[in-house]
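Work through the exercises below with the model in view. Try each task before you read its solution.

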Amino acid sequence: MSSCNTQERGFALPEGDIELGKATYTRLACNACHSISGIEWQGENDGLRIQLGGEVSTQKSYGELVTSVINPSHKIAWIYKEDASTAEGLSKMKNYNEVMTVQELIDLVAFLQSEYKVTAPATDYHPYLY
Ligand code: HEC
């Protein structure tokens, strides 16, 4: 087990402002590597273009989203592994921890969370076919 105890229950952020979060997203140039509906992707032609938002089967909790932003190497989704991580297994995502304010983080997460739409997971239903 890891010796540091940084995974806490009872973690709660104050409510963020979705519009401010959207502005922060562009100001911090998240769109250099990500596409999200309504904000143009501005990466390089052969660069990273990782989709954020859209349909998911379970809601991304803000704990997960905060982690993705301030500790991106914690858990790298397997679908991105090849392009998105370095040979050492670290995320290629830029580190913002020295430049982002806590308020910016709160608003960004509110914005990101609003971009995910939960769709019911597929039911395992097999109609009879004759
Ligand atoms: C230099 C490229 C780069 C920039 C800039 C960047 N990211 Fe990422 N981001 C990545 C990569 C690569 C991944 C996938 C690997 C990982 O999970 O760290 C990722 C993953 C994520 C995820 C998790 C996605 C998922 O489906 O689990 C979120 C959320 C995210 N980024 C948000 C942001 C936000 C917000 C910003 C701007 C503050 C930002 N990123 C800027 C490269 C970038």
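**Exercise 1. Polar contacts of the ligand**

Find which side chain has an N or O atom 2.8 Å from a nitrogen atom of the ligand. Then look for side-chain partners of the ligand's oxygen atoms.

Solution. Keep in mind that this model is predicted.
- Step 1: Start at the nitrogen. The side chain of His 34 places an N or O atom 2.8 Å from a nitrogen atom of the ligand.
- Step 2: Turn to oxygen. Ser 91 has a polar side-chain atom 2.6 Å from an oxygen atom of the ligand.
- Step 3: Go on to Lys 60. A polar side-chain atom of Lys 60 is 3.4 Å from an oxygen atom of the ligand.
- Step 4: Apply the cut-off. A polar contact needs N or O atoms within 3.5 Å.

**Exercise 2. The shell around the ligand**

State how many residues surround the ligand. Sort them by type, and say which helix gives the most.

Solution.
- Step 1: Count. The ligand is surrounded by 24 residues. Cys 30, Cys 33, His 34, Ser 91 and Met 93 are the closest.
- Step 2: Sort. The shell holds 17 nonpolar, three polar and four charged residues.
- Step 3: Assign helices. Helix H2 (62-70) and helix H4 (102-114) each provide at least two shell residues. H2 gives the most, with three residues.
- Step 4: Place the ligand. The largest pocket is where the ligand sits.

**Exercise 3. Ala 29**

Locate Ala 29. Is Ala 29 buried or partly exposed? What is its phi?

Solution.
- Step 1: Ala 29 belongs to the loop between helix H1 (18-27) and strand E1 (34-35).
- Step 2: Its relative accessible area is 34%, so Ala 29 is partly exposed.
- Step 3: Phi of Ala 29 is near 60 degrees, a positive value. Most residues other than glycine have a negative phi.

**Exercise 4. Phe 11**

Where is Phe 11 found? How far apart are the C-alpha atoms of Phe 11 and Tyr 62?

Solution.
- Step 1: Phe 11 is in the segment before H1.
- Step 2: With a relative accessible area of 43%, Phe 11 is partly exposed.
- Step 3: Phe 11 and Tyr 62 are 51 residues apart along the chain, and their C-alpha atoms are separated by 9.8 Å.

**Exercise 5. The whole chain**

Give the order of the elements and the share of buried residues.

Solution.
- Step 1: The protein contains four helices and four strands. From the N terminus, the order is α-β-β-β-α-α-α-β.
- Step 2: Of the 130 residues in the protein, 28% are buried.
- Step 3: Take the contacts with a separation of 6 or more. Residues 24 or more positions apart account for 62% of them.

Technical notes: Residues are numbered from 1 along each chain as its sequence is written. This is a predicted model: local features need pLDDT of at least 70, side-chain atom pairs count only at pLDDT 80 or more; totals for chains, interfaces and linings use all residues. Side-chain values use heavy atoms; hydrogens and water are left out. A residue is near a molecule or strand if one of its heavy atoms lies within 4 Å of it. A polar contact is a pair of N or O atoms within 3.5 Å; within protein, one must be able to donate a hydrogen and the other to accept it, and residues adjacent in sequence count only if both atoms are side-chain atoms. On a 1 Å grid over the protein atoms alone, a cavity is a set of points where a 1.4 Å probe fits but cannot get out, and a pocket is an open set with protein on both sides within 12 Å along at least five of seven lines; lining residues have an atom within 4 Å of a point. A molecule sits in a cavity or pocket if more than half of its atoms lie within 2 Å of its grid points. Ala, Val, Leu, Ile, Met, Phe, Trp, Tyr, Cys and Pro count as nonpolar, Asp, Glu, Lys and Arg as charged, and the others, Gly among them, as polar. Buried means under 20% relative accessible area, exposed over 50%, partly exposed in between (1.4 Å probe, protein chains only). Contact means heavy atoms within 4.5 Å.
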